[in-house]
Structure formats: structure tokens, C-alpha cells
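Me: I am new to this structure and would like to learn how to read it step by step. Could you take me through it?

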Amino acid sequence: MPELAEVAYACSLWNPGLGSVVEEVICHPKSRVYRELDRKVLEEELVGEKLASAETHGKQMLFGLSGGNWMGLHLGMTGWLSVEDENYEAGKHDALVLRQSKRALVFRDPRQFGKLTLDQGKGKPEWWELLPPLMTCPEFTMELLKKVLKRHGRQPIKALLLDQRYFPGMGNWMADEVLWRAGIQPAKLSGKIETSKQKLLFEKIVFVALGAMDSVGKFGGDPPEDWLFHVRWKDGLLCPNSGEPLVREKIGGRTTCWSPALQK
DNA sequence: ATACCTGTTTCCCG
DNA sequence: CCGGGAAACAGGTA
């Protein structure tokens, strides 16, 4: 589920735990989300510290703890956060449970493609500071987009949009939404996009990122009614704008929904 | 049983 | 060394 706005929303679900001490850390003994991270270290460091801050950047999350620990979290394909009551018992797919006096903060991830990290230090970890500019900030510019399109000119634009080095937070449904709105075929090679369409592409990237954060990011749920989002998930539906059939096919390794009538 | 999946990393190729 | 594509990761769901 989680791309840009869903990650922001999931992160906000742990807000009730801000300012409260972590009393117990329960780590799934097998889950792959720990990767290089030692479960024992995570437990020793977090127990007794307050959850002090929570923020997201694209698909990345960073939780600050009062004692100078920073827990990084990526939700992968099926990760999600929730708040349960203080007596909650970890379930089969609960990768991590942080128990506080009045609630339990839960990170659940059945497919275990998510990832947990821990850094220590006064300031935020270096990897966090080095994340690329958000699509909604002033440093994300038309010049940057042009450079990326040129550098990866042989890459289908759909595949390029999913590259987190340039479009942090962009996920599969967002990329389809952007290309549908910009009127660009997903398989079009990035280097072949006309100058006029480059401008449109830039505007739609920003529009979709802002619109998603404004709806999904704030309240969970779905984007506005007139988004491709609502018809992209199954075969045989019509393009809301042209009335012509939508196509669903694998492009850039991912299921892609697009409107041949509108996207050239 | 089969196919599919909102993400990333690794491996292999040219 | 690089860019690009496919496979792998693991389990739920249709």
C-alpha cells in the first residue's frame, strides 16, 4: 500500500505515542525487516526513552527518541503502523511492538519487505540528511527534471518516475496518475519526451504529490473522485476523461494502467 | 492450484 | 564503471 501520502498518514497514526516513554520493545524473532539491525541493541536503546519526534520524507520515516536514538523505518510493500491498547499481544506478522503505559505502537509487515534501522547521535542521521529533495519543495525544479530525463533517456518514463533517487515517495499508482494527467504514454522513452510535455510532466508530478498529501496524507482514505486512482485497479474500465477503454499491462516491471486515447 | 501484488536490492548483461 | 532489465525476497488474496 504505502507510497508518499500513505506513508505520511501511517506515520501520523503513531502520533498518540509522542511524548511517552517506551516501556517494552517486542521484536519479531524471525522477521526480515531487521536486516543488519541487532534486536537486542534496539531493545536496550529504546526502552526507557521517550518517543520525541516522527516525520517522513518520501517513503522513509524517522522516529526520534529522547536519548539520542533515531529509528528509521521503511514500510516496504505491505508494512503498516497502528496503535493498539496497552495490553496488546504481538500477532504473527507484527515485526515490532513498542509498548507504552497507555498504548502499544505496532509495525506490522506480512511480506517483510520493510526495513528498520537505528542510528545514534545528537542530530538526525546522515542518510536522512542526504535524501533527495521532495517533489513538493522549491529545490525540486524543472531543471532537475530535464537533467534526469536526459541522463536516463533510454528508460521508459514510467520506470524512471519510480526511481527514488529523483522522485522520493513516487509509487506505482502515483506514477500512473502523473502520466495520465500529463498525457504521456508510460512506455515512452524519457529522452524522447517533447519540451512542451516536459513542462506538463513537471506540473503534474507536483500536482499529484500535493494532491495526494492533501487528501490521503491527512485523512487516510482515497484521493479526489476525478483521479485515475479509482479505476486503475482492475481490467475493463473506461478512462474517466476520454470514455475510451483503459489498458493494464506490465511496463517497467510494474502493472501500469493507462489511456491510449489520451496518452501519446 | 494458479496468478497477482501500492517496493527495493541484487545479479547479470551489454 | 555505467545503465537497464529481470529475478528474488515472502505471504496474503482472488
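**Two domains and a DNA strand**

Reply: Let us begin with the surface that two parts share: in this predicted model, domain 1 and domain 2 bury about 900 Å² between them, and 68% of that area is on carbon and sulfur atoms.

Me: Which residues of chain A belong to domain 1 and which to domain 2?

Reply: The domain assignment of chain A gives residues 4-129 to domain 1 and residues 142-258 to domain 2. The contact between them draws on eight residues from domain 1 and 15 residues from domain 2, while the C-alpha centres of domain 1 and domain 2 lie 30 Å apart.

Me: How many salt bridges and how many residue pairs in polar contact are there between domain 1 and domain 2?

Reply: For salt bridges, the rule finds zero across the interface of domain 1 and domain 2. For polar contacts, the count between domain 1 and domain 2 is three residue pairs, with both residues at pLDDT 80 or more. On the side of domain 1 that touches domain 2, the largest share, five residues, comes from helix α1 (residues 4-12), and the residues of that side divide into four nonpolar, two polar and two charged.

Me: Where can I look for the protein around DNA strand C, and what kinds of residues make up that surface?

Reply: The residues around DNA strand C include Arg-32, Lys-92, His-93, Arg-111, Phe-113, Arg-151 and Gln-155. The surface near DNA strand C divides into three nonpolar, four polar and five charged residues.

Me: What share of the DNA strand C atoms within 4 Å of the protein belongs to sugar or phosphate?

Reply: Of those atoms of DNA strand C, 56% belong to sugar or phosphate, and the rest belong to bases. Three side chains can be followed to phosphate oxygens of DNA strand C: a polar side-chain atom of Arg-151 lies 2.8 Å from one, an N or O atom in the side chain of Gln-155 is 2.9 Å from one, and for Lys-92 the corresponding distance is 3.5 Å.

Me: How should I read a helix, and what is found at the N-terminal end of helix α2?

Reply: As a general idea, an α-helix has 3.6 residues a turn, so residues three or four places apart point the same way. In this structure, Asp-38 caps the N-terminal end of helix α2 (residues 39-46), with a side-chain oxygen 2.8 Å from the backbone nitrogen of Lys-40. Just after α2, Gly-48 takes a positive phi of about 95°.

Notes. Residues numbered from 1 in each chain as written. Chains lettered and ligands numbered in written order. Predicted model: local features only at pLDDT ≥ 70, side-chain atom pairs only at ≥ 80, totals over all residues. Heavy atoms only, no water. Domains from an automatic or database assignment. Contact = heavy atoms within 4.5 Å. Buried area = accessible area lost by both parts, 1.4 Å probe. Salt bridge = Lys/Arg side-chain N within 4 Å of Asp/Glu carboxyl O. Polar contact = N/O pair within 3.5 Å; in protein donor to acceptor, adjacent residues only side chain to side chain. Helix = DSSP H or I, 4+ residues; strand = E, 2+ residues; numbered from the N terminus. Nonpolar A, V, L, I, M, F, W, Y, C, P; charged D, E, K, R; others polar. Near = heavy atom within 4 Å.
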